[in-house]
Amino acid sequence: MFSVIFDMDGTLLDTQRVYIPAWDWAGEKQGFKNLGQHIPAVCGKNEAGWSKYLLDRYPSLDIKTFNLDAANYVAQNIVIRYMPGAEELVKLLNSDDPEMLTALFSAARKVREQVQGNKIFAYGFVYFTTYCRNNCNFCYYRRSNDIERYRKSKEEVLATSKALIESGVNLIDLTMGEDPMYHKENFDTVCGIIKTIKEEYDTPVMISPGVVSDQIIDKFADAGADFYALYQETHNRELFENLRIEQSYDERMHAKLYAKEKGMYIEEGLLAGVGEDMTDIARSLKIMGELGARQVRVMSFIPKEGSPM
């Protein structure tokens, strides 16, 4: 009896051409140019094989970050173009056909029942600081907006969390602006709050700190955080730059991918009504699915006083 294996890699999709710009981009982030030239030499190798090949030639390369950045580049810039069902998804989003919408909502209910059952899952939001180092065009709490702000103490945050848990909420979402004070102290206070809620109140915790370093994400994971919430708002890079000025799309993506690697669930989100079209929404849904986001939120943009939008 004979078996035949069809190796289609590089046939349906020219993977060399896909990964060359990804390696160039990921290498340049660390100061190494033209790493994509090595792609032909490592074809057929697994991650351990190409990692060794690169480290033999570039010993100071942070290979873990490099591999994450390259994979992220491929997901964001290339893979979405070849994903099956993209055109069908746009068609669904644009449809006003009653039969199609009925089928769509029926499928959504079926998935919800399979995953969640007939239950209500209650969040407890604790927004404990409105100070932020960013100047996002859509946000009321942007750095340059001259408004009254607050920063809750550790005791206030814990008391609020305890009251919410006793009222029946299933998860505490510690939400904040990117407060420079907490960055300065390496989030020690926040990690202490997470540990107390986990150990004394036995309740899952979601942390929404914005973009932080891998080392801070390590601390959140060690403290017991279950979810890492970090919304991209849009997966259209040009639109992202208009919304989140002077911020890096890729650093934001890297933070959530690293948090997932550390064992945390990812919550992603979109901001609707900021100039996106149906193709942008379809792209976002596909990318968030590829990321493995466990929760996705879609928020409607409401103009706020003091923000450019």
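**Exercise 1. A salt bridge**

Identify the salt-bridge partner of Glu 178 in this predicted model, and state where the two residues lie.

*Solution.*
Step 1. The side chain of Glu 178 forms a salt bridge with that of Arg 133, at a distance of 2.7 Å from N to O.
Step 2. Glu 178 is located in the loop between β2 and α8 (180-184), while Arg 133 is located in the loop between β1 and α7 (154-167).
Step 3. The two residues are 45 residues apart, and the pair thus links distant parts of the chain.
Step 4. In total, the structure holds 15 salt bridges.

**Exercise 2. The sheet**

Describe the order of the strands in the open sheet, and determine which strands lie at its edges.

*Solution.*
Step 1. Six strands make up the open sheet, with parallel pairing, in the order β1-β2-β3-β4-β5-β6.
Step 2. An edge strand pairs on one side only; this applies to β1 (123-129) and β6 (295-300).
Step 3. Neighbouring strands of the sheet are turned against each other by 20 degrees on average, direction ignored.
Step 4. Helix α12 (residues 249-261) packs on this sheet, where it touches β4 (227-229) and β5 (265-272). The direction of α12 makes about 150 degrees with that of β5.

**Exercise 3. One strand pair**

How many bridges join β2 to β3, and which residue is the bridge partner of Leu 174?

*Solution.*
Step 1. Strand β2 (residues 171-176) and strand β3 (residues 205-208) run parallel and are joined by four bridges.
Step 2. Leu 174 has Ile 207 in β3 as its bridge partner.

**Exercise 4. Helices α9 and α10**

Classify the packing of α9 against α10 by its angle, and examine the contact.

*Solution.*
Step 1. Helix α9 (residues 188-200) packs with helix α10 (residues 214-223) at an angle of about 20 degrees, and their axes are 8 Å apart.
Step 2. Because angles under 35 degrees count as roughly parallel, α9 is roughly parallel to α10.
Step 3. The crossing of these two helices, α9 and α10, is right-handed.
Step 4. From α9, Asp 188, Val 190, Cys 191, Ile 194, Lys 195 and Lys 198 meet Lys 219, Phe 220 and Ala 223 of α10.
Step 5. Sorted by class, the contact of α9 with α10 contains five nonpolar, no polar and four charged residues.

**Exercise 5. Helices α10 and α12**

Give the geometry of the packing of α10 with α12, and name the residues in contact.

*Solution.*
Step 1. The angle between α10 and α12 is about 35 degrees, with the axes 10 Å apart.
Step 2. The crossing of α10 and α12 is right-handed.
Step 3. Asp 214, Ile 217 and Asp 218 of α10 make the contact with His 254, Ala 255, Tyr 258 and Ala 259 of α12.
Step 4. The residues of this contact comprise four nonpolar, one polar and two charged.

Technical notes. Residues are numbered from 1 along each chain as its sequence is written. This is a predicted model: local features need pLDDT of at least 70, side-chain atom pairs count only at pLDDT 80 or more; totals for chains, interfaces and linings use all residues. Side-chain values use heavy atoms; hydrogens and water are left out. Two strands pair if DSSP finds at least two bridges between them. Axes are lines fitted to C-alpha atoms, for helices over the stretch in contact, and angles run from 0 to 180 degrees between N-to-C directions. Contact means heavy atoms within 4.5 Å. Angles under 35 degrees count as roughly parallel, over 145 as roughly antiparallel, 65 to 115 as roughly perpendicular and the rest as oblique. A crossing is left-handed if the near helix is turned anticlockwise from the far one by less than a right angle, and right-handed if clockwise. Ala, Val, Leu, Ile, Met, Phe, Trp, Tyr, Cys and Pro count as nonpolar, Asp, Glu, Lys and Arg as charged, and the others, Gly among them, as polar. A salt bridge is a side-chain nitrogen of Lys or Arg within 4 Å of a carboxyl oxygen of Asp or Glu.
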